[in-house]
Amino acid sequence: MARARMADVLRKQIIVSARASLSSAALHKAAADACRANRDELIASGRASSTFRTAVDGRVGADEESVNLDGGIVRYVFSYLAQAVAFALQYCQTHSPVRSGAYRDSWAVRVNGEWWTRPVATIQPGSTVEIVNTMPYARKIDTGGQITSVPPGIVEAARQAAMKKYPTLKITRKFLSLSDGRDARGERLPYILKAQGIESGLTFSKKSGFERLRKPRRSNRKDRQAGQVMTYPALVLTEPSNG
């Protein structure tokens, strides 16, 4: 089944209908086993994620055996959030310029506004996840203000790749204001601009690479003045939390 149609599959309702008189434990177990078998078949075929939540007659987390046999509904809400975060994080790392390795190693994950140090696979469905590079020159690299061995726009490229692979998620690029944490060098976040920012005068194209349109010059933008707090380009991933 095409990935574009996955939203329909993920919200598929497994409906069990029977006469009201069919209420024995054996019948409840048979209905529950049928639901789980249907779910496991979707997972084994690759059409659904192995991360999911169960809702039985609207009760999130209830056992399948508790379904009402007279028109009850067992719903599995599959989550691709953790898989998408792992994919996007790896994409950012493998497409990073590598000189000292500090930039590549400074990609970090925040979940619901908190730094995430546990395995990415344990991120819960319905979370808001941010992937951000914490180095002070991350904005220059991402916007093309610094010549590197790779094209600018790493965050946007990761967004497009992740959206193609996980179309049921909402994935956006934004500039984050960080108020805590440390970068790969151990320096405190956020970075405070020490001098007036410089407009590089650079441009980039796939055909010609980096080219200089004009000489560098001081920027008059308010957010590039000495003492201003740097904002960081980041990828933000969210998904519907239907239950």
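Two strands count as paired if DSSP finds at least two bridges between them. With that in place, take one such pair in this model, which is a predicted one. Strand 7, residues 129-133, pairs with strand 13, residues 231-238, in the antiparallel sense, and 4 bridges join them. E130 stands opposite V236 in strand 13.

Both strands belong to an open sheet. The sheet is made of 5 strands, in the order 6-5-7-13-8, with antiparallel pairing. Its edges are strand 6, at 114-115, and strand 8, at 170-177; each has a single partner strand, so one side of each is left without a neighbour in the sheet. A helix goes with this sheet as well: helix 6, residues 154-165, lies across strand 5 (107-111), strand 8 and strand 13. The angle between helix 6 and strand 8 is about 155°.

Next, strands 2, 3 and 4. Strand 2, residues 52-56, runs antiparallel to strand 4, residues 70-78, and 5 bridges join the two. Strand 2 is also joined to strand 3, residues 59-60, by 2 bridges, again antiparallel. What are the bridge partners of V56 in strand 4 and in strand 3? In strand 4 the partner is V74, and in strand 3 the partner of V56 is R59. The hairpin of strand 2 and strand 3 has 2 residues between the strands, and there D57 takes a positive phi near 50°.

Now the core. In soluble globular proteins, nonpolar side chains tend to be buried together. Here the largest nonpolar core has 49 residues. V85, V109, I123, I131 and L237 have the most contacts inside this core. Helix 3 supplies the largest share, 7 residues. At least three residues of the core come from each of domain 1 (24-78) and domain 2 (81-238). As for V109, leaving out residues up to four places away in sequence, the residues it touches include V85, L89, I123, V129 and I131. V109 also touches E114 and E130.

I will go through three polar residues, starting with S96. S96 sits in the loop between helix 3 (81-94) and helix 4 (102-105). Is S96 buried or exposed? Its relative accessible area is 5%, and buried means under 20%, so S96 is buried. A polar atom of the S96 side chain lies 2.5 Å from the backbone oxygen of C92. The side chain of S96 also makes a polar contact with the side chain of W107, at 2.8 Å. Setting aside neighbours within four places in sequence, S96 is in contact with Y103, R104, W107, V150 and I154.

The second residue is D142, in helix 5, residues 138-143. D142 has 4% relative accessibility and counts as buried. Which side chain does the side chain of D142 make a polar contact with? That of R173, at 2.8 Å. Not counting residues up to four places away in sequence, D142 touches P152, G153, I154, V155, R173 and P233.

The third is T122, in the loop between strand 6 and strand 7. T122 has a relative accessible area of 35% and is partly exposed. The T122 side chain reaches the backbone oxygen of P119 at 2.6 Å. T122 and Q83 are 39 residues apart along the chain, and their C-alpha atoms are separated by 10.0 Å.

Definitions and conventions: Residues numbered from 1 in each chain as written. Predicted model: local features only at pLDDT ≥ 70, side-chain atom pairs only at ≥ 80, totals over all residues. Heavy atoms only, no water. Buried < 20%, exposed > 50% of the residue type's maximum accessible area, 1.4 Å probe, protein only. Polar contact = N/O pair within 3.5 Å; in protein donor to acceptor, adjacent residues only side chain to side chain. Contact = heavy atoms within 4.5 Å. Axes fitted to C-alpha atoms, helices over the stretch in contact; angles between N-to-C directions. Core = buried A, V, L, I, M, F, W, Y, C linked by side-chain atoms within 4.5 Å. Domains from an automatic or database assignment.
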